[in-house]
Amino acid sequence: MEKILVLDFGGQYNQLIARRVRDHRVYAEILPYTAPLEEIKKRGYRGIIFTGGPNSVFDMSSPHYTADILSLGIPILGICYGCQLISYMAGGEVKTAPVSEYGKIEFTAKESKLFKNVPEKSVVWMSHTDYIATPPEGYDIIGTTFDCPVAAMENTKKDIYAVQFHPEVTHSEYGDRVLYNFLYEICHCKGEWVMDSFIDDTVEKLKAQIGDKNVILGLSGGVDSSVAAGLLSRAVGKQLTCVFVDQGLMRKDEGDFVEKTFTTLFDMNFIRVNCQEQFLKALKGVTDPEEKRRIIGTEFFNVFWDEIRKQNDKGYFAQGTIYPDCIESGKGDADVIKTHHNRVKTPEDVEFLGIIEPLADLFKDEVRRVGERLGIPRELVWRQPFPGPGLGVRIIGEITAEKVKLLQEADAVLRDEMAKNGYERELAQFFCVLPGVNTVGVMGDHRTYENLVAIRAVTTDDFMTADWARIPYDILAKVSNRITNEVKNINRVVYDITSKPPGTVEWE
Ligand code: XMP
């Protein structure tokens, strides 16, 4: 399969570059700049993209690469820091720019394959303090801005191209076209990376690998494990056993929905372990948020692995690990290399033939596309993030069965109204929280002293920061009205207007 290497020099948009390439139907993988040249040669790439990075090429501790990479005969595109690095490696002059460029800047393009169908003047996104003062020998200037004499350059003999701007971000008007041109005009890709062929190829590979053995998968009801289950079911049917631990802290009817989906739409053995009672017993009297999380995590681990031990089947163990869980960062600092946090640890006494991770090459949006093609319902494929400890972190203080029920009912009303008003896909996340506070109210002629419920709704790109969603007042009014009327024991609804930071998305 044709592939592009995104060689990571530690910039912030590196996964975005790989995703944009894949949007153009070409498979891209990310390797840190520490990857040996021999390894790169072996993998047979169609093209290489050098990413941006936070450093200056003059800083000896900043990421560099052997200049031999420029002579492999593989087309290269350098972006931002990657552009300066090419110049530095090839003997051009890189300097601190007299004027740093940051943000949207007017760019003038010259004739080049890289700029086919890009107008002479367009807006690009810049973010740099160094610049190329003089390009290396053999390189021609193909783009300028007011303050940047070499905003793009090329060496057509070697098929090496470099741009100071960021084509991968949407602020660069024709950035997507530039990436397309690199892939199709320069690397001569064919565009083979499509989800239908991914499904067919993966199913064949899984069949060959699993043979007549069995495979076990932990299903959480989240997107990744659901899609992994769909793929494995298509490959090996009843040889697949999915274990779904329902700790009774999911949203209203969610456990039943997961069970119905996988028992009616897919061929597999489905085991649901209902253990709300056991979880609530372990959580009795516990109010500290971290302690609650720890207990829920430990109980989950115990219940899940006890069930697996009961199966006593030394087949394969499958997980819904996705590509971002596997990428080693190019920041070059061992401390910041991402740990594979979504990979489940297996206890020492449980043996398997091996681990299977059918989604390990996919980004989240690709996982969703595969899920849709496999016929997994939209509610699962487009499910909002849901914390591992479930409603446990949305009930402040001690968790009881009554509180879980109350919160589920209020949350169901909110979800219903959001769906009716088209907010389901527009907002990153919305949910109800039960703060464990009673307030005085009046109902008919009677005084009430009942629960307060809070609504949390956020917009965000990456969940590292978030803003509270500006839901129209009339929709909030409807939600409030319905919750106080339809859910017994709730007499007040408040809306959380805190961004992150200083608040987090969840309340615990
Ligand atoms: P915070 O509250 O940290 O949440 O701003 C950011 C995002 O992470 C989700 N979240 C979790 N996801 N296990 C998870 O898988 C957890 O323990 C957990 N805690 C928070 C949260 O819902 C939001 O999307």
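**Briefing: two open sheets and a few spots on the surface**

Buried residues account for 54% of the 508 residues in this chain. Keep in mind that you're looking at a predicted model. The chain has 14 helices and 19 strands, and much of what follows is about two open sheets, one of 9 strands and one of 5 strands.

**The chain as a whole**

- Taken along the principal axes, the C-alpha atoms fill a box of roughly 85 × 60 × 40 Å.
- The chain exposes about 23400 Å², and carbon and sulfur atoms supply 49% of that area.
- If you take contacts between residues at least 6 apart in sequence, 74% of them join residues at least 24 apart.

**The 9-stranded sheet**

- This open sheet runs in the order 2-1-3-4-9-8-7-5-6, and its pairing is mixed.
- Strand 2 (27-32) and strand 6 (121-134) sit at the edges with a single partner strand each, so one side of each is left without a neighbour in the sheet.
- On average, neighbouring strands here are turned by 20° against each other, direction ignored.
- Out at the strand 6 end, strand 5 (residues 93-109) pairs with strand 6 in the antiparallel sense over 12 bridges.
- If you want a specific pair to look up there, Glu101 has His128 in strand 6 as its bridge partner.
- Helix 4 (residues 175-186) packs on the sheet and touches strand 1, strand 3, strand 4 and strand 9 (160-163). The direction of helix 4 makes about 155° with that of strand 3.
- Helix 1 (residues 14-23) lies across strand 1 (3-8), strand 2, strand 3 and strand 4, and runs at about 160° to strand 2.

**The 5-stranded sheet**

- The strand order in this open sheet is 12-11-10-13-14, and the pairing is parallel.
- Its edge strands are strand 12 (269-274) and strand 14 (354-356), each of which pairs on one side only.
- Neighbouring strands of this sheet are turned by 25° against each other on average, again with direction ignored.
- Strand 11 (residues 240-246) pairs with strand 12 in the parallel sense, over 6 bridges. Along that pairing, Asp246 stands opposite Asn274 in strand 12.
- Helix 7 (residues 254-264) lies across strand 10 (215-219), strand 11 and strand 12, and its angle to strand 12 is about 165°.
- Helix 9 (residues 289-311) lies across strand 10, strand 11, strand 12 and strand 13 (316-318), running at about 150° to strand 11.

**Met60 and a nonpolar patch**

- Phe58, Met60 and Tyr88 make a nonpolar surface patch of about 330 Å².
- Met60 belongs to the loop between strand 3 (47-50) and strand 4 (76-79).
- Why does Met60 count as exposed? Because its relative accessible area is 66%, and the cut-off for exposed is over 50%.

**Asp267, in a loop by the second sheet's edge strand**

- You'll find Asp267 in the loop between helix 7 and strand 12.
- Asp267 comes out as partly exposed, because its relative accessible area is 39% and that class covers what falls between buried, under 20%, and exposed, over 50%.
- Leaving aside residues up to four places away in sequence, Asp267 touches Ser233, Gly237 and Lys238.
- Asp267 and Cys242 are 25 residues apart along the chain, and their C-alpha atoms are separated by 11 Å.

Note on methods
Residues numbered from 1 in each chain as written. Predicted model: local features only at pLDDT ≥ 70, side-chain atom pairs only at ≥ 80, totals over all residues. Heavy atoms only, no water. Patch = residues over 30% accessible without salt bridge, like charges linked within 9 Å, V, L, I, M, F, W, Y side chains within 5 Å. Areas by Shrake-Rupley, 256 points an atom, 1.4 Å probe, with all protein chains shown as cover. Salt bridge = Lys/Arg side-chain N within 4 Å of Asp/Glu carboxyl O. Helix = DSSP H or I, 4+ residues; strand = E, 2+ residues; numbered from the N terminus. Buried < 20%, exposed > 50% of the residue type's maximum accessible area, 1.4 Å probe, protein only. Pairing = 2+ DSSP bridges. Axes fitted to C-alpha atoms, helices over the stretch in contact; angles between N-to-C directions. Contact = heavy atoms within 4.5 Å.
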